[in-house]
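Me: Could you walk me through this structure? I am new to it and would like to start with a helix and then look at aromatic rings.

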Amino acid sequence: MEDVTLGFLLIGAMVGLILLGLPIGLSLISTGAIGVWLIRDNVDLAFRFTALATYSGIQDYLFATIPLFVLMGLLVSISDVGKDTFAVAQAALHRIRGGLGMATVAANAVFAAVTGVSIASAAVFTKVAVPEMVRHGYTMKFASGTVAGSSILGMLIPPSLLMIVYGVLSEVSIGKMFVAGVIPGVIIAIGFAVMIWVYATVWPHKIFVDPGKPEDTGGPVMGIREMLAKSVPIGCLVVLILGGLYTGFFTPTEAGAVGAAGALVIALVRRRLDWPKFWRVLKESGLVSASILFLLIAASLYSRMLSMAGVPNAIGDFVQHLGLGPYGFLFAFVIVILLMGMILDSTSILLIMVPIGAPIASSMGFDLIHFGIVTIIAVEMGLLTPPFGISVFTVKATLGDPSVKIETIFAGSMPYVTVMAIALLFIALFPPLSTLLVR
């Protein structure tokens with residue numbers, strides 16, 4: 001059997017193992033090791049290759065970025081920064097029709113700039129924003145869908161764990177990926193806000209329980225001084241992290257360390273952190289980081305096996321033979337990612353697809369930073385599509401209300417998927433939207 005044929009069979013076997021319920025990390029590392037064994041017909045080489053991938057896969061200090069940003073996100077989550085951010089956005093936008101929905105998007109966008117985790121955003125704003133929106137006359141479908149939809153900004157607006165994973169897998173600068181995500185993240189956030197305004201003014205019956213009743217004109221009373229005071233903590237973190245990265249003063253790892261230290265100071269100053277909470281944060285940071293790092297080790301072995309089998313080159317030659325061209329390949333790649341998003345989580349999709357797609361994209365002339373932004377947007381859409389939709393399930397679990405069905409939240413998030421699809425099209429067709437700040 002030819003190596004390429006064997007490589008494709010192992011990809012199928014790996015997907016089958018995942019569908020049968022085997023964890024993604026074990027599926028990747030087992031098919032990778034077996035693939036090396038079968039390709040080289042040497043079991044000792046397969047074991048040595050696995051050991052080498054385990055060591056070299058995460059030996060670089062750059063991987064310290066992962067636990068540092070995870071720690072920062074958890075510290076920010078327990079210090080009520082998200083609650084204050086929403087309160088400020090609510091006070092600023094409450095007089096606009098659909099203002100509370102826009103406030104949720106704005107707060108999620110700012111919160112995303114310091115957490116980098118969509119699930120954290122979904123959990124925080126389900127508790128904070130959904131009850132407030134329902135109290136002001138929004139339907140539960142729209143309120144819960146808005147939180148789920150806008151939570152995806154957590155993985156797009158830097159810093160982002162998905163960008164770190166993509167940067168490692170494709171061997172591009174994580175700092176440049178962070179900077180490249182700013183404009184697409186802002187575009188999508190503005191698109192969400194515009195969509196909410198259109199619904200509120202043109203089809204108010206779709207988002208309000210009583211379309212004829214004014215949403216709110218009194219709103220929360222908050223002076224400029226109080227708004228500034230509530231905005232200072234998260235504002236400082238955003239300026240510190242993104243400013244340091246954009247100016248080149250920090251490396252991504254240093255930015256993670258500075259951000260984690262800043263989040264710790266905020267939690268201590270606000271007296272939201274005691275020893276039991278601190279221990280819980282450290283333990284959760286370790287568990288999340290260890291799982292991600294193990295996945296990266298498994299993906300490293302998997303990608304090396306694919307390269308050894310010649311799978312990326314074979315797919316690239318096949319695409320060129322079909323005459324699809326670069327954008328034909330990109331369209332097909334995005335469709336595959338969207339389909340995988342229905343059954344797999346974001347990190348798993350990147351681990352499977354980037355080792356295959358990045359070499360082909362590079363050979364076709366794509367800037368891998370631009371390709372990465374397009375890939376991450378497509379992956380994030382999978383967080384909102386059934387049946388998997390992890391952000392939707394996070395909102396459902398956090399609500400804890402049996403009367404709110406999962407189908408209701410999925411339906412409420414679909415307009416946000418549409419906005420993301422339109423933004424994805426524009427960003428794919430106009431690469432400077434994602435590379436302008438990097439140059």
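Reply: Happily! This is a predicted model, where local features need pLDDT of at least 70, side-chain atom pairs count only at pLDDT 80 or more, and totals for chains, interfaces and linings use all residues. Residues are numbered from 1 along each chain as its sequence is written, and side-chain values use heavy atoms, with hydrogens and water left out.

Me: What is the sign of phi at Asp41, and near what angle does it lie?
Reply: Helices here are DSSP runs (H or I, at least four residues), numbered from the N terminus. Helix H2 covers residues 24-40. Asp41 follows H2, and its phi is positive, near 55 degrees.

Me: How are the rings of Tyr138 and Phe208 arranged: stacked, edge-to-face or tilted?
Reply: Rings of Phe, Tyr and Trp (its six-membered ring) pair if their centres lie within 6.5 Å; planes under 30 degrees apart are stacked, over 60 edge-to-face, and the rest tilted. By this rule there are 11 aromatic pairs. For Tyr138 and Phe208 the centres are 4.9 Å apart and the planes at 45 degrees, so the pair is tilted.

Me: Is Phe366 buried or exposed?
Reply: Buried means under 20% relative accessible area, exposed over 50%, and partly exposed in between (1.4 Å probe, protein chains only). Tyr327 is partly exposed at 39%. Phe366 has a relative accessible area of 11%, so Phe366 is buried.

Me: Which residues form one aromatic cluster with Tyr327?
Reply: Tyr327 lies in helix H16 (residues 325-340). The cluster joins Tyr327 with Phe329, Phe333, Phe366 and Phe371.

Note on methods. Helices (H or I, at least four residues) and strands (E, at least two) are DSSP runs, numbered from the N terminus. The expected span of a helix is 1.5 Å times one less than its number of residues.
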